[in-house]
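Reader: I'd like to go through this model with you and ask how each label was earned. Could you walk me through it?

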Amino acid sequence: TPISNINTVPGNSVQHQEKPAGAALSDFVLQLEDYSPTIPDTVTGHYLTKSGFETKDPRVIRLISLACQKFVSDIANDALQHSKMKAAGQSSKKQGKDKKFTLTMDDLTPAMSEYGINVKKPSYYV
């Protein structure tokens with residue numbers, strides 16, 4: 001089904017433009033060519049090749065890099081929220097904007113478990 005875009009033109013009239021269903025996706029893929037994700041394409045390409053996935057299209061690699069970046073960002077954000085909730089429950093000497101948070105396994109473990117990644121500490125340290 002086509003997607004309708006409503007554009008306002010001078011004179012307060014409204015103009016409707018019909019776009020094919022895949023137009024938004026093709027616009028997004030074109031924008032990927034100019035975007036450089038945090039995770040470099042070479043790193044993503046290496047792990048894709050190592051796992052048996054081969055592609056010559058750099059847009060596919062960049063799309064996967066972007067998905068990985070969002071995944072890592074979501075986990076880090078959830079861990080930060082967990083750390084903030086834990087700090088709010090404890091009395092602390094530091095108050096205000098200069099409060100710094102450290103990413104610890106105690107905060108990261110519950111955040112990762114929400115995404116189906118189970119992390120366990122070893123029973124002993126060597």
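Reader: Let's start with His-82 and Asp-107: what makes their side chains a polar contact?

Author: The side chains of His-82 and Asp-107 come to 3.2 Å. A polar contact is a pair of N or O atoms within 3.5 Å; within protein, one must be able to donate a hydrogen and the other to accept it, and residues adjacent in sequence count only if both atoms are side-chain atoms. At 3.2 Å, the His-82 and Asp-107 pair therefore qualifies. Bear in mind that this is a predicted model, where local features need pLDDT of at least 70, side-chain atom pairs count only at pLDDT 80 or more, and totals for chains, interfaces and linings use all residues. Residues are numbered from 1 along each chain as its sequence is written, and side-chain values use heavy atoms, leaving out hydrogens and water.

Reader: What else does His-82 touch, and where is it found?

Author: His-82 is found in helix H3, and it touches Asp-106, Asp-107 and Pro-110, not counting residues up to four places away in sequence. Touching is contact, meaning heavy atoms within 4.5 Å. The C-alpha atoms of His-82 and Thr-109 are 10.0 Å apart, with their positions 27 residues apart in sequence.

Reader: Why is His-82 called partly exposed, while Ser-83 is called buried?

Author: Buried means under 20% relative accessible area, exposed over 50%, and partly exposed in between (1.4 Å probe, protein chains only). His-82 has 26%, so it lands in the in-between class. Ser-83 has 9%, so it counts as buried. Ser-83 is also in helix H3, and touches Phe-101 and Asp-107, again not counting residues up to four places away.

Reader: How do you know that H3 has the span its residue count calls for?

Author: Helices (H or I, at least four residues) and strands (E, at least two) are DSSP runs, numbered from the N terminus. H3 covers residues 58-89, which is 32 residues. The expected span is 1.5 Å times one less than the number of residues, so H3 should span 46 Å; its end C-alpha atoms are 47 Å apart, which agrees.

Reader: And where does H3 sit in the overall order of elements?

Author: The chain has four helices and two strands, running β-β-α-α-α-α from the N terminus.

Reader: What makes Asp-57 a cap for H3?

Author: A side-chain oxygen of Asp-57 lies 3.1 Å from the backbone nitrogen of Arg-59, at the N-terminal end of H3. That is within the 3.5 Å limit, so the distance fits a polar contact.

Reader: Arg-62 is charged on paper; why is it called buried?

Author: Its relative accessibility is 15%, so Arg-62 falls under the 20% cut-off. Arg-62 is found in H3 and touches Leu-32, Glu-33, Asp-34, Tyr-35, Pro-37 and Asp-41, not counting residues up to four places away in sequence. A polar atom of the Arg-62 side chain also lies 3.0 Å from the backbone oxygen of Glu-33.

Reader: Which other H3 residues are buried, and what covers them?

Author: The buried residues of H3 are Ile-61, Arg-62, Ser-65, Ile-75, Ala-79 and Ser-83. Their cover includes helix H1 (23-32), helix H2 (41-50) and helix H4 (105-113).

Reader: What makes a group of residues the largest nonpolar core here?

Author: A nonpolar core is a set of buried Ala, Val, Leu, Ile, Met, Phe, Trp, Tyr and Cys residues joined through side-chain atoms within 4.5 Å. The largest such set has five residues: Ile-75, Ala-79, Leu-108, Ala-111 and Met-112. H3 and H4 each supply at least two of them, and the largest share, three residues, comes from H4. Ala-79 touches Leu-103, Asp-107, Leu-108 and Ala-111, not counting residues up to four places away in sequence.

Reader: Why is the pair of Phe-71 and Tyr-115 called edge-to-face?

Author: A search of the whole structure finds one aromatic pair. In that pair, the centres of Phe-71 and Tyr-115 are 5.6 Å apart, with 85 degrees between the planes. Rings of Phe, Tyr and Trp (its six-membered ring) pair if their centres lie within 6.5 Å; planes under 30 degrees apart count as stacked, over 60 as edge-to-face and the rest as tilted. With 5.6 Å and 85 degrees, the pair therefore meets the edge-to-face rule. Phe-71 lies in H3 and Tyr-115 in the segment after H4, so the pair ties together parts 44 residues apart in sequence.
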